[in-house]
Amino acid sequence: MIFDWGVVAYAAPLLAEGVVITLQISVLAGILGLLLGFALGLASLSGIRPLVWIVRGYVDFIRGTPLLIQIFLVFFALPVVGVRFSEFWAGVIALALNAAAYVSEVVRGAVGAIEKGQTEAALSIGMTRAPLLIHVLLPQAWRPMVPALTNDMVTLTKNSSLLSVISVYELTRAGQAVISTHFAPFEIYLLLALYYYVLITALATASRWLERRLPAW
Amino acid sequence: MRPVILSARGITKSFGDRTVLAGIDLDVAEGEAVAIIGASGSGKTTFLRCLNRLEMPDAGTVKVGDETIGETAFGRAADARSLARQRRLFGFVFQRFNLFPHLTARGNVAIGPRRVLGLDRDEANWRAENCLAKVQLEAHMDKRPSQLSGGQQQRVAIARALAMEPRVMLFDEPTSALDPELVQEVLDAMRRLAAEGMTMVVVTHEMRFARAVADRVVFMADGAVAEVGPPSSFFGAPKDPRLQRFLRHLDHAA
């Protein structure tokens, strides 16, 4: 078999366009997922029963169903009840909803892992639940959260390739377009893998940098 | 006799089928310092934690002044907010300090006044600095707990409790986690507090402290109060055989 460098040279800039879309989707879905995930995580830590149950049900649903089905639900099923998004935004929303469930579990876990004496000390000076969470537990939970949240963001970025099935012109879809016209699956999929690998490595490096910069006591 | 400020009646507590407290009664007068001693497992710490509801007693009542902890003025069960307010009647000092590691000494003491009492930043810091000065830590206000010795950390913890202006201070073996050379500075801080008239209940293994500072000493055994008395008779002429044995063991150890 001959490796076709010509098609690689041809595809590389085309795929770069896909990279831009993949980055846009990942960043937007990442931010939305983190925000919603934190809100859900705090809700499940609030001790308010109905909130706790709602979050638990939501996390169960997301974990118990394939992401592909969740994407279809947002893109094909929601329009039936009158909620319609473009491919791009349907993809962003589906990925964000998915990531939020996992983020909420990370938040809940990291805060729950803070030593019990911290909670007791806060209670002993008359704190109620909200200031305890905001001023005592969360500030200590940031750093231990970072590695797990990085995992979630890495997964989200890789999962964005699934959006090719609803015709979002992201990296994977861009590659498939080249393959369909030039029939070079070996070269192009290898190139796709390389692009993703570079993206993920950059993300992981940024996360390690962030973790080092967050204070530890 | 000074008026009773803290009154515990019939406090019981079981963990599973193990009875830890079998009905404890204790009255503490305003300004009094009471030391509680006893073998480990005798329920001293659990009793202390039942007073400010870090532990929920199975039965019994705790009153501070005319407030019943866990109840509203109309005898109904207190909600989380009023229980939190009632907890402020007590200051609690933990064996393992439990300082907030992400805050400076000043921040540890100021967080209560600021986030619970709602003082503004300057007022809260000012109050924190006063309390830290009381335990002679004015030189260490900007240090984090990890930069302080155990004795200094425990004094910050005392200041943190004092900043809430509690009616009664509870100490749970405050020197047990300390290196021997650091015990004295904490005991000195407590001694000054007692001399200023703070009402204190101290669970401790420091017999010299109990003897020198406490107005009364309580000996707990098997989840009950086995003997109570002023230090002179308590240590000089103990009546309960378990207390006699306990004190003998300590003599041998020393």
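# A tour of chains A and B

Start in chain B by selecting β1(B) and β4(B): these two strands run antiparallel and are joined by 5 bridges. Bear in mind as you click around that this is a predicted model.

**Stop 1: the sheet in chain B**

Keep β1(B) on screen and pick out L6(B). Across in β4(B), the residue opposite L6(B) is V64(B). Now look towards β2(B), where L6(B) stands opposite V28(B).

Next, add the whole of β2(B), residues 18–29, to your selection alongside β1(B), residues 4–15. This pair is antiparallel too, with 9 bridges between the strands. Another spot to click is A8(B), whose bridge partner in β2(B) is L26(B). Follow the chain round from β1(B) to β2(B) and you pass through a hairpin with 2 residues between the strands. Stop at G16(B) in that turn: its phi is positive, at about 65°.

Time to show the full sheet. Which order do its strands take? Reading across, it goes β2-β1-β4-β5 in chain B, an open sheet of 4 strands with antiparallel pairing. The edges are β2 and β5 (67–68) of chain B; each has a single partner strand, so one side of each lacks a neighbour in the sheet. Then bring in α1(B), which packs on this sheet and touches β1, β2 and β4 of chain B. The direction of α1(B) makes about 120° with that of β1(B).

**Stop 2: a loop after α1(B)**

Select R53(B), which sits in the loop between α1 (44–51) and β4 (59–64) of chain B. This arginine has a positive phi, near 65°, though it isn't a glycine. Is R53(B) buried or exposed? Its relative accessible area is 13%, so R53(B) is buried; the cut-off for that is under 20%.

**Stop 3: α5(B) and the loop that follows**

Jump along to helix α5 of chain B, residues 150–162, and highlight R155(B). Here's another buried arginine: R155(B) counts as buried because its relative accessibility is 9%. What does R155(B) touch, apart from its neighbours within four places in sequence? Show V135(B), Q136(B) and L137(B), then E185(B), V186(B) and A189(B), and you have its contacts.

Now move to E165(B), in the loop between α5 and β7 (168–172) of chain B. This glutamate also has a positive phi, near 50°, in a residue other than glycine. With a relative accessibility of 56%, E165(B) counts as exposed, since the exposed class covers values over 50%.

**Stop 4: another hairpin**

Stay in chain B and select residues 216–221, strand β9, together with residues 224–229, strand β10. They pair in the antiparallel sense over 5 bridges. Click A221(B) and you'll find its bridge partner, A224(B), in β10(B). The hairpin leaves 2 residues between β9(B) and β10(B). One to check in the turn is D222(B), with a positive phi of about 55°.

**Stop 5: two helices in chain A**

Finish by switching to chain A and selecting helix α1, residues 5–45, and helix α4, residues 87–112. Two packed helices are described by the angle and the distance between their axes. Here the angle is about 40° and the axes are 5 Å apart. That makes α1(A) oblique to α4(A). The crossing of α1(A) past α4(A) is right-handed. Colour the residues of this contact by type and you'll get 20 nonpolar, 6 polar and 1 charged.

Terms used. Residues are numbered from 1 along each chain as its sequence is written. Chains are lettered from A and ligands numbered from 1 in the order in which they are written. This is a predicted model: local features need pLDDT of at least 70, side-chain atom pairs count only at pLDDT 80 or more; totals for chains, interfaces and linings use all residues. Side-chain values use heavy atoms; hydrogens and water are left out. Two strands pair if DSSP finds at least two bridges between them. Axes are lines fitted to C-alpha atoms, for helices over the stretch in contact, and angles run from 0 to 180 degrees between N-to-C directions. Angles under 35 degrees count as roughly parallel, over 145 as roughly antiparallel, 65 to 115 as roughly perpendicular and the rest as oblique. A crossing is left-handed if the near helix is turned anticlockwise from the far one by less than a right angle, and right-handed if clockwise. Ala, Val, Leu, Ile, Met, Phe, Trp, Tyr, Cys and Pro count as nonpolar, Asp, Glu, Lys and Arg as charged, and the others, Gly among them, as polar. Buried means under 20% relative accessible area, exposed over 50%, partly exposed in between (1.4 Å probe, protein chains only). Contact means heavy atoms within 4.5 Å.
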